[in-house]
Amino acid sequence: MRPFHPLLLKCTALARSELSIRDIVLNSSKVTTAPDNSKVDNVKVKLTNTAPESSKHPITRKKSRPKALGPPEWVAFNQSYNKEYDPPSTRMLQKANEFFNKSKVTFEWGVPSYSSIPDEVVKSKFKDMELERAPDSTKRFPGKTSIPFHLINGLPEITFLGRSNAGKSTILNSLVSRLGDKHLNKEARMSSKPGFTKTLNCFNIGNKFRLIDTPGYGYGSRLKQGGLTMEYIENREQLVRCYVLVSADQGFTEMDLQILNYLKDIGKPFEVVLTKMDKVRDMNKLTQQIEESGITTFPTLPRLIFTSSVVSSRCPKRYGIAELRCNVLQNCGLDSKW
Ligand SMILES: Nc1nc2c(ncn2[C@@H]2O[C@H](COP(=O)(O)OP(=O)(O)OP(=O)(O)O)[C@@H](O)[C@H]2O)c(=O)[nH]1
Ligand SMILES: [Mg+2]
């Protein structure tokens with residue numbers, strides 16, 4: 001029997017517990033309490049035109065939001081991780097960007113079950129047949145499958161895992177969009193609603209490798225989707241690397257740690273991508289969360305890649321995406337000519 005695993009959580013119970021936490025946060029944000037005078041240095045005081053004489057015109061005091069951070073702080077922070085690896089050179093980053101900018105992206109399949117992945121169908125129906133790998137062939141497998149030959153060409157695959165809403169579909173779009181573009185290409189569908197991606201979705205990148213978007217675990221997910229992702233991770237021969245996405249503004253959850261340990265235990269190579277760096281207001285807290293997760297002492301030495309898929313005046317190019325592009329190409333063995 002399979003051990004307990006967050007990808008297979010009974011999500012209704014989880015959804016209920018998360019909803020209640022969310023409810024508490026939402027409700028507590030509605031409670032207005034007078035600010036503590038001892039913290040007056042930290043609060044912005046907004047005065048109305050006429051100074052209030054009574055409680056009829058209360059003084060509105062707002063806690064000032066911590067300053068938005070950007071590339072200067074992120075770069076310094078970034079340099080304290082991945083010391084075991086040489087950072088990618090400017091030339092490597094340039095080459096990776098060129099590759100992604102010129103590669104055609106094709107959506108190939110979206111499946112609700114592992115056995116419906118085209119080459120898995122072919123494998124099971126034509127067990128004794130030598131599978132012909134013909135990338136440019138227009139031929140199709142006969143009979144009911146009618147699967148085009150080019151879908152069974154065995155290209156390396158990369159998959160994105162993570163909690164629902166961690167930014168898996170967004171990072172896929174970020175990889176295939178120009179770094180300075182304000183809007184992302186919409187190859188994979190994204191949503192602020194957790195649990196949006198329901199199937200395994202495959203995107204062919206320049207006929208060199210495939211990116212696989214997965215349904216998230218946790219809030220809004222389903223037991224069946226967790227099973228599908230696990231089956232894919234455990235059985236897919238073409239899978240060369242998993243990227244576990246963690247929202248940097250939320251840090252590592254218990255479920256993230258379970259996934260990381262699971263990948264370590266079954267010997268699947270993985271990296272960790274911290275998404276939504278633009279939402280982080282306290283770098284010390286993030287440092288502490290990373291330390292507490294234990295990920296920096298994992299024997300497999302996963303890389304920590306910090307990203308933001310948002311461009312702004314402080315961050316005119318999507319942050320960390322060039323590094324991620326470089327890493328993906330390396331993991332697919334496509335960096336040999338650099
Ligand atoms: N600010 C900010 N928002 C982001 C970033 N990446 C993703 N988001 C937002 O996070 C939300 C969830 O993104 P998705 O990419 O749909 O998340 P997902 O992991 O695919 O979620 P599921 O499909 O539900 O598992 C969307 O509203 C995105 O716009 C980021 O780097 N910064
Ligand atoms: Mg998604």
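Four short exercises on ligand 1, its pocket and two loop residues follow, each with a worked solution.

The model used here is predicted.

**Exercise 1. Find how many residues surround ligand 1, and which are the closest.**

Solution.
- Step 1: Take a residue as near the ligand if one of its heavy atoms lies within 4 Å of it.
- Step 2: Count the residues around ligand 1, which gives 23.
- Step 3: Pick out the closest, namely Lys168, Thr170, Gly195, Phe196 and Asp278.
- Step 4: Sort the shell by class: five residues are nonpolar, twelve are polar and six are charged.

**Exercise 2. Examine how backbone atoms of alanine 166, glycine 195 and glycine 216 are placed relative to oxygen atoms of ligand 1, then state how much of the ligand the protein covers.**

Solution.
- Step 1: Recall the cut-off for a polar contact, a pair of N or O atoms within 3.5 Å.
- Step 2: Start at glycine 195, where a backbone N or O atom is 2.6 Å from an oxygen atom of ligand 1.
- Step 3: Go to alanine 166; a polar backbone atom there lies 3.2 Å from an oxygen atom of the ligand.
- Step 4: Finish at glycine 216, with a backbone N or O atom 3.2 Å from an oxygen atom of ligand 1.
- Step 5: Turn to the area. On its own, ligand 1 has 660 Å² of accessible area, and the protein covers 87% of this.

**Exercise 3. Describe the space taken by ligand 1 and its lining.**

Solution.
- Step 1: Identify the space. Ligand 1 takes up the largest pocket.
- Step 2: Give the volume of the largest pocket, about 670 Å³.
- Step 3: Look at the lining, which has 33 residues. Nearest the centre of the pocket lie Gly167, Thr170, Met190, Ser191 and Lys276.
- Step 4: Split the lining by class into eight nonpolar, 16 polar and nine charged residues.
- Step 5: Ask which element gives the most to the lining. Helix 5 (residues 168–175) does, with four residues.

**Exercise 4. Locate lysine 276 and leucine 301, and state the sign of phi at lysine 276 and at leucine 301.**

Solution.
- Step 1: Recall the background: most residues other than glycine have a negative phi.
- Step 2: Place lysine 276 in the loop between strand 8 (270–275) and helix 8 (283–293).
- Step 3: Read its phi. Lysine 276 is not a glycine, yet its phi is positive, about 60°.
- Step 4: Place leucine 301 in the loop between helix 8 and strand 9 (304–306).
- Step 5: Leucine 301 also has a positive phi, about 50°, although it is not a glycine.

Terms used: Residues are numbered from 1 along each chain as its sequence is written. Chains are lettered from A and ligands numbered from 1 in the order in which they are written. This is a predicted model: local features need pLDDT of at least 70, side-chain atom pairs count only at pLDDT 80 or more; totals for chains, interfaces and linings use all residues. Side-chain values use heavy atoms; hydrogens and water are left out. A polar contact is a pair of N or O atoms within 3.5 Å; within protein, one must be able to donate a hydrogen and the other to accept it, and residues adjacent in sequence count only if both atoms are side-chain atoms. Accessible areas come from the Shrake-Rupley method with a 1.4 Å probe; for residues, only the protein chains shown count as cover. On a 1 Å grid over the protein atoms alone, a cavity is a set of points where a 1.4 Å probe fits but cannot get out, and a pocket is an open set with protein on both sides within 12 Å along at least five of seven lines; lining residues have an atom within 4 Å of a point. A molecule sits in a cavity or pocket if more than half of its atoms lie within 2 Å of its grid points. Ala, Val, Leu, Ile, Met, Phe, Trp, Tyr, Cys and Pro count as nonpolar, Asp, Glu, Lys and Arg as charged, and the others, Gly among them, as polar. Grid points are joined across faces, edges and corners, and a volume is the space filled by probe spheres set on the points. Helices (H or I, at least four residues) and strands (E, at least two) are DSSP runs, numbered from the N terminus.
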